[in-house]
Amino acid sequence: MWGGRFSSGPDAVMEEINASIGFDKRLYRQDIAGSIAHARMLAETGILTQNDRDAIVAGLAEVEAEIEAGTFTFSRALEDIHMNVEARLKEKIGEAAGRLHTARSRNDQVATDFRLYVRDCIDMLVAQIRTLQAKLIERAEDEAETIMPGFTHLQSAQPVTFGHHLLAYVEMLGRDVGRLEDARKRLNESPLGSAALAGTPYPIDRDMTARALGFDRPTANSLDAVSDRDFVLETLTAASICAMHLSRFAEELVVWSSAQFAFVRLSDKFTTGSSIMPQKRNPDAAELIRAKVGRIMGALTSLLVVMKGLPLAYSKDMQEDKEVAFDALDALSLSLAAMTGMVGDLTVNREAMRAAASAGFSTATDVADWLVRQAGIPFRDAHHITGQIVALAEQKGCGLEGLTIEDFKFIDQRIDSRIHKVVTVEASVAARSSYGGTAPANVLAQAARWKEILTGK
Ligand code: ARG
């Protein structure tokens with residue numbers, strides 16, 4: 001492509017370190033779409049003849065078909081997807097292929113291709129997140145009244161409903177969608193026509209190519225356009241946060257599916273056995289989701305470090321943007337699919353959850369609240385009295401619901417038999433009906449709200 005100035009070809013090692021075709025071949029569709037839009041614009045503005053345009057467009061369609069059919073031979077000597085496609089086009093249509101690269105450079109070409117690719121990834125991830133949310137909402141509705149221990153410090157804190165817990169992840173995933181959609185808005189400008197770095201003297205129409213490729217507008221500064229990778233960084237940031245959410249949920253599934261918790265049973269489809277211990281059902285999918293965040297955040301860190309300190313405009317360092325991003329976005333997509341499968345398939349052990357929820361004097365706060373509201377006792381004193389009640393139950397080896405009215409009165413005369421109702425886990429969750437609280441009625445209302453959001457109502 002630049003033989004004019006060179007007397008020898010590249011060293012084999014140079015070719016190896018320089019080539020990106022091994023990974024950027026997956027940009028072929030975006031590359032060809034970009035080239036078709038460019039060729040049409042060149043013809044429209046009189047830079048290219050109609051005949052050349054037609055040959056180029058038809059030839060590119062054939063190249064795309066060859067790649068799709070698996071009959072295309074990629075060449076490392078041709079470095080990257082852009083030159084591989086163009087070289088094949090030349091074989092097909094001859095001289096006209098050489099006119100396609102008028103008024104553009106690989107610098108604006110790769111920036112365009114990669115934006116289009118990341119945009120497709122964002123759309124796919126958003127759709128996958130929505131599917132996972134829908135599954136979580138469906139399960140949350142079924143489990144609106146299922147009581148489980150709520151934890152702080154992984155110590156039993158207060159009873160919550162399982163539906164409420166599931167909807168917590170729906171909220172997180174909702175913010176993930178927001179971040180991806182927000183990144184998409186800033187991504188959606190077309191670098192095409194920025195050329196190498198300074199723009200071009202040809203009378204091109206950048207609005208036309210921007211429109212043809214579904215961009216909102218062309219980028220306004222050619223130096224920025226070819227050297228900006230914010231769109232990948234933002235997407236990887238959103239992906240990292242989403243992966244972190246999935247990792248937290250995965251960790252809970254690992255803990256909950258253990259024999260010691262036995263809150264849930266993961267299906268055979270998402271567990272593996274052990275080659276030596278016949279009883280084992282290992283939560284491998286959950287563990288791998290828990291781990292994937294490592295490479296996703298790694299990709300973000302990696303690209304941030306590549307970009308820091310790069311002078312304007314394009315430097316070859318930026319070719320290192322793609323492998324890590326592909327890997328990270330693939331990993332998130334796979335994690336979302338696996339999580340959706342696991343959530344859809346898991347069996348809930350309501351009895352085990354309820355039993356665990358009543359253990360550990362989890363309704364002690366409800367007793368203190370009752371003392372405040374029914375006996376007018378200041379909360380600090382009520383807290384102290386309740387502490388004595390818990391100590392008594394502990395001494396007697398029972399839960400709060402095992403105490404008799406005499407026991408309660410022994411601690412404080414002002415308590416009456418209404419307290420028995422208060423100490424049940426059902427009463428505890430039902431009472432937490434403040435907006436955003438865990439009460440079953442709230443779970444159903446929030447599930448309904450989310451269903452409207454998801455159906456776009
Ligand atoms: N393969 C290159 C990349 O991925 C394409 C751009 C090459 N531009 C250049 N001036 N060498 O970044």
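This is a dialogue about reading cysteines, a ligand site and salt bridges in a predicted model.

Biologist: What should I keep in mind about this predicted model before reading any feature?

Modeller: Local features need pLDDT of at least 70 and side-chain atom pairs count only at pLDDT 80 or more, while totals for chains, interfaces and linings use all residues. Residues are numbered from 1 along each chain as its sequence is written, and side-chain values use heavy atoms, with hydrogens and water left out.

Biologist: How many disulfides does a search of the whole structure find?

Modeller: A disulfide is a pair of cysteine sulfur atoms within 2.5 Å, and the search of the whole structure finds zero of them. Cys121 is in no disulfide, and the nearest cysteine sulfur, that of Cys242, is 13 Å away.

Biologist: Is Cys121 buried or exposed, and is Cys242 buried or exposed?

Modeller: Buried means under 20% relative accessible area, exposed means over 50%, and partly exposed is in between, with a 1.4 Å probe and protein chains only. Cys121 is buried, with a relative accessible area of 8%, and Cys242 is buried too, at 1%.

Biologist: Which residues are around the ligand?

Modeller: A residue counts as near a molecule if one of its heavy atoms lies within 4 Å of it. Here the residues around the ligand are Ser20, Asp24, Asp80, His82, Arg106, Asn107, Val110, Tyr314, Lys316, Gln319 and Lys322. Helix 6 (residues 106–142) gives the largest share of this shell, three residues, where helices are DSSP runs of H or I with at least four residues, numbered from the N terminus.

Biologist: How many residues of each class does the shell around the ligand have?

Modeller: Asp, Glu, Lys and Arg count as charged, Ala, Val, Leu, Ile, Met, Phe, Trp, Tyr, Cys and Pro as nonpolar, and the others, Gly among them, as polar. By these classes the shell around the ligand has five charged, four polar and two nonpolar residues.

Biologist: Which side chains have N or O atoms close to those of the ligand?

Modeller: A polar side-chain atom of Ser20 lies 3.2 Å from a nitrogen atom of the ligand, and an N or O atom in the side chain of Asn107 is 2.9 Å from a ligand nitrogen atom. For Lys322, a side-chain N or O atom is 2.6 Å from an oxygen atom of the ligand. The protein covers 86% of the 340 Å² of accessible area that the ligand has on its own, an area that comes from the Shrake-Rupley method with a 1.4 Å probe.

Biologist: How many salt bridges does a search of the whole structure find?

Modeller: A salt bridge is a side-chain nitrogen of Lys or Arg within 4 Å of a carboxyl oxygen of Asp or Glu, and the search finds 34. One of them pairs Asp52 with Arg99, the closest N and O atoms being 3.0 Å apart. This pair links distant parts of the chain, 47 residues apart, with Asp52 in helix 4 (residues 50–69) and Arg99 in the loop between helix 5 (81–93) and helix 6. Asp52 counts as buried at 16% relative accessibility, whereas Arg99 counts as partly exposed at 37%.

Biologist: What does the pair of Arg295 and Asp327 tie together?

Modeller: Arg295 forms a salt bridge with Asp327, with the closest N and O atoms 2.6 Å apart. Because Arg295 lies in helix 11 (residues 284–307) and Asp327 in helix 12 (residues 321–345), the pair ties together parts that are 32 residues apart in sequence.

How values were computed
Polar contact = N/O pair within 3.5 Å; in protein donor to acceptor, adjacent residues only side chain to side chain. Helix = DSSP H or I, 4+ residues; strand = E, 2+ residues; numbered from the N terminus.
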